[in-house]
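Here's a small set of exercises to work through with the viewer open. Try each task before you read its solution.

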Amino acid sequence: GSIFWYVQVNSGDKHLLIADVEGDGYPYVYTTGSDITKGDLGDGRLRKLRGIDGAVLDETFSWRPCWGGLSIADPNNDGNFVTYMCDRREGYEGPDGMGKGMQAYDSDTLDLLWKKEDMTCSSHNQAIIDVNEDDVLDSVALIQSGNGGICVIDGKTGKPMPGKCS
């Protein structure tokens, strides 16, 4: 029940992550900021914090992760973790909408690895599971606008899995 550290970064109403991505017993904390208003680059950020003291190590812009959150995995067991986030689709709020839909980031650098920007899924987390039994974890998210649906991103290619995104 004691506070170990406190850092004021926006992470309200989102699922955050705590993960030891280097296997050294020291975790990192990943958060994503609250919605921002159209045209305002406010504090919408995906952030990586050092778990031992809360220092913000890296951050990258995020548009509207809404009520969703983050998932993390080493999809092909190579020691490199990926952080997954859901967002609104590109253009969701007009031409200024900067959503990226389903997206995946290198957990070390927070560099964007892939995105499916035509899909709104901001109220969800991505489930990470080996859908096609190829020993590589795939990413699954629900489509929340239009007629709904589900989309599976192939963990090897970063592309929608044929026949499994509708």
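**Exercise 1: the strands around β2**

In which sense do strand β1 (residues 17-19) and β2 pair, and over how many bridges? Then work out what sits on the other side of β2, and whether its residues are buried or exposed.

Solution. Keep in mind that we're looking at a predicted model.

Step 1: β1 and β2 run antiparallel, and 3 bridges hold the pairing. To pin down the register, pick I18, which stands opposite V29 in β2.

Step 2: β2 also pairs with strand β3 (residues 45-50), again in the antiparallel sense, this time over 5 bridges. Here T32 stands opposite L46 in β3.

Step 3: now check the cover. β2 spans residues 28-32, and 5 of its 5 residues are buried. Split them by face and you get Y28, Y30 and T32 on one side, with V29 and T31 on the other; both faces are covered.

**Exercise 2: the sheet from β9 to β12**

What is the strand order in the open sheet of 4 strands, and which strands are at its edges? Follow the pairing from β10 onwards.

Solution.

Step 1: the order reads β9-β10-β11-β12, with antiparallel pairing. The edges are β9 (127-129) and β12 (160-165), each of which pairs on one side only. From one strand to the next, the twist averages 30 degrees.

Step 2: take β10 (residues 138-143) and β11 (residues 149-153), which are joined by 5 bridges. One of the partner pairs is I143 with G149 in β11.

Step 3: move on to β11 and β12, an antiparallel pair with 2 bridges. I153 has P160 in β12 as its bridge partner.

Step 4: look at the hairpin of β11 and β12. There are 6 residues between the strands, and G158 takes a positive phi near 75 degrees.

**Exercise 3: D106 and R88**

Which of these two counts as buried, and which is partly exposed? Place each one and describe its surroundings.

Solution.

Step 1: D106 belongs to strand β7 (residues 102-106), while R88 is in the loop between β6 and β7.

Step 2: apply the cut-off, where buried means under 20% relative accessible area. R88 comes in at 12%, so R88 counts as buried. D106 has a relative accessible area of 22%, so D106 is partly exposed.

Step 3: list the contacts of D106. Leaving out residues up to four places away in sequence, D106 touches F81, D111 and L113. The D106 side chain also reaches the backbone nitrogen of T109 at 2.9 Å.

Step 4: compare sequence with space. D106 and Y84 are 22 residues apart along the chain, with 9.0 Å from C-alpha to C-alpha. For R88 and I143 the separation is 55 residues in sequence and 10.0 Å in space, again C-alpha to C-alpha.

**Exercise 4: the largest pocket**

What volume does the largest pocket have, and which residues lie nearest its centre? Find out which elements contribute to the lining.

Solution.

Step 1: the volume is about 240 Å³.

Step 2: 16 residues line this pocket, and those nearest its centre are P75, V82, L113, G155 and K156.

Step 3: sort the lining by element. β6 (82-85) and β8 (112-116) are the elements that give two or more residues to it.

Step 4: link back to Exercise 3. L113, one of the residues nearest the pocket centre, is also touched by D106.

Key: Residues numbered from 1 in each chain as written. Predicted model: local features only at pLDDT ≥ 70, side-chain atom pairs only at ≥ 80, totals over all residues. Heavy atoms only, no water. Pairing = 2+ DSSP bridges. Axes fitted to C-alpha atoms, helices over the stretch in contact; angles between N-to-C directions. Buried < 20%, exposed > 50% of the residue type's maximum accessible area, 1.4 Å probe, protein only. Contact = heavy atoms within 4.5 Å. Polar contact = N/O pair within 3.5 Å; in protein donor to acceptor, adjacent residues only side chain to side chain. 1 Å grid on protein atoms, 1.4 Å probe; cavity = no way out; pocket = protein on both sides within 12 Å on 5 of 7 lines; lining within 4 Å. Points joined across faces, edges and corners; volume = space filled by probe spheres on them.
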